[in-house]
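Visitor: I have a structure open and would like to learn how to read it. Could you walk me through its features one by one?

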Amino acid sequence: MYIVSVLIAFLFHQTSLIAVPLYFVFDRDRELSKKSKKLLVIGYILVIVFINTVLSFIGSDWKDYIVSTGTSNMSFYLNLAWAIIFLINYDSLVEYDKRNELFILAYILGTLFSVIGFWSVYGKRIGLYFTSCQFVLMSELPFCKNDIKNPALIKMAVLAYSIALFVFSYYIKGQADIIPFSFYVG
């Protein structure tokens, strides 16, 4: 079903094929293989390092990804901060739900891909395929065994962060123009 989902996504945007190798990190017992995880991370790092070569080899419209300029790439720093939080809580998150091991791996890969944003504004979008699981991981943080005794505080912090990021990204920065009747306070 995973491969079918990726192929359907491919019909909308060809970059979705980057998610296919993630399917192969599972062993015969449907557990995440440590060796496969390491190979996957190394492989994706090589793709990131040589992304311009890969895209120029593909040619066509992909050359636009190469010549685009980078940004301040604030999203990389946000992704990195959350990746550190997820890694600190790795054992608790995986104990709470075994699927979180895959989500954390995917999030780390997405964070790696967001590095591309320093030289290509379009290229960093590839990381969005992997970082979309952050909301699942964030929502499960209050249920982890951690030093904070008040899970309600974590819930409020995650909710406040999500709302603030939404308002900043879509309303203040105007990314994606999802608010059709926006107005500016002068």
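Visitor: Let's start with W82. Which residues does W82 touch, leaving out those up to four places away in sequence?

Guide: A good way to read a side chain is to list its neighbours from elsewhere in the sequence. In this predicted model, W82 touches Y107, Q134, M138, L141, V158 and Y161 once residues up to four places away are set aside.

Visitor: Which residues touch the most other members of the largest nonpolar core?

Guide: They are W82, F86, F113 and F130, in a core of 32 residues. Several helices each supply at least two residues of this core: helix 2 (34–49), helix 3 (51–58), helix 5 (74–88), helix 7 (100–114), helix 9 (134–140) and helix 10 (151–172). Helix 7 gives the most, with six residues.

Visitor: How many helices and strands does the protein chain have?

Guide: Reading the elements in order gives a map of the chain. Here there are 10 helices and zero strands, so the map from the N terminus reads α-α-α-α-α-α-α-α-α-α. Contacts add a second map: among those with a separation of 6 or more, 63% are between residues 24 or more positions apart.

Visitor: What share of the chain is buried?

Guide: Buried residues make up 33% of the 186 residues. Seen from outside, the chain exposes about 12,100 Å², and carbon and sulfur atoms supply 67% of that area.

Visitor: Which residues make the nonpolar patch on the surface?

Guide: To read a patch, look for its members and then for the element they come from. This one, of about 720 Å², is made by M74, L159, I163, F166, V167, F168, Y170 and I172. Helix 10 gives the most to the patch, with seven residues. One residue of helix 10 is I172, which counts as exposed because its relative accessibility is 54%, over the 50% cut-off.

Visitor: And N100 in helix 7: is N100 buried or exposed?

Guide: N100 counts as buried because its relative accessibility is 0%. Next, look at what surrounds the residue. The side chain of N100 makes a polar contact with the side chain of E140 at 2.4 Å. Leaving out residues up to four places away in sequence, N100 touches L93, V94, V136, L137 and E140.

Visitor: How many salt bridges does the structure hold?

Guide: There are three. For each one, ask who the partners are, where they sit and how exposed they are. The side chains of E101 and K37 meet at 3.1 Å, N to O. This pair links distant parts of the chain, with E101 in helix 7 and K37 in helix 2, 64 residues apart. Both E101 and K37 are buried.

Visitor: Which residue besides K37 does E101 pair with?

Guide: K98: the side chains of K98 and E101 also meet in a salt bridge, at 3.1 Å, N to O. K98 counts as partly exposed because its relative accessibility is 46%, while E101 counts as buried at 11%. Shared partners join K37, K98 and E101 into one network.

Visitor: What about D97 and R99?

Guide: Their side chains meet in a salt bridge as well, at 2.7 Å, N to O. D97 counts as buried at 15% relative accessibility, whereas R99 is exposed, with a relative accessible area of 56%.

Visitor: One last residue, F10: where does F10 lie?

Guide: F10 lies in helix 1, residues 2–12. F10 counts as partly exposed because its relative accessibility is 30%. Beyond residues up to four places away in sequence, F10 touches S16 and L17.

Methods
Residues numbered from 1 in each chain as written. Predicted model: local features only at pLDDT ≥ 70, side-chain atom pairs only at ≥ 80, totals over all residues. Heavy atoms only, no water. Core = buried A, V, L, I, M, F, W, Y, C linked by side-chain atoms within 4.5 Å. Buried < 20%, exposed > 50% of the residue type's maximum accessible area, 1.4 Å probe, protein only. Helix = DSSP H or I, 4+ residues; strand = E, 2+ residues; numbered from the N terminus. Contact = heavy atoms within 4.5 Å. Patch = residues over 30% accessible without salt bridge, like charges linked within 9 Å, V, L, I, M, F, W, Y side chains within 5 Å. Areas by Shrake-Rupley, 256 points an atom, 1.4 Å probe, with all protein chains shown as cover. Salt bridge = Lys/Arg side-chain N within 4 Å of Asp/Glu carboxyl O. Polar contact = N/O pair within 3.5 Å; in protein donor to acceptor, adjacent residues only side chain to side chain.
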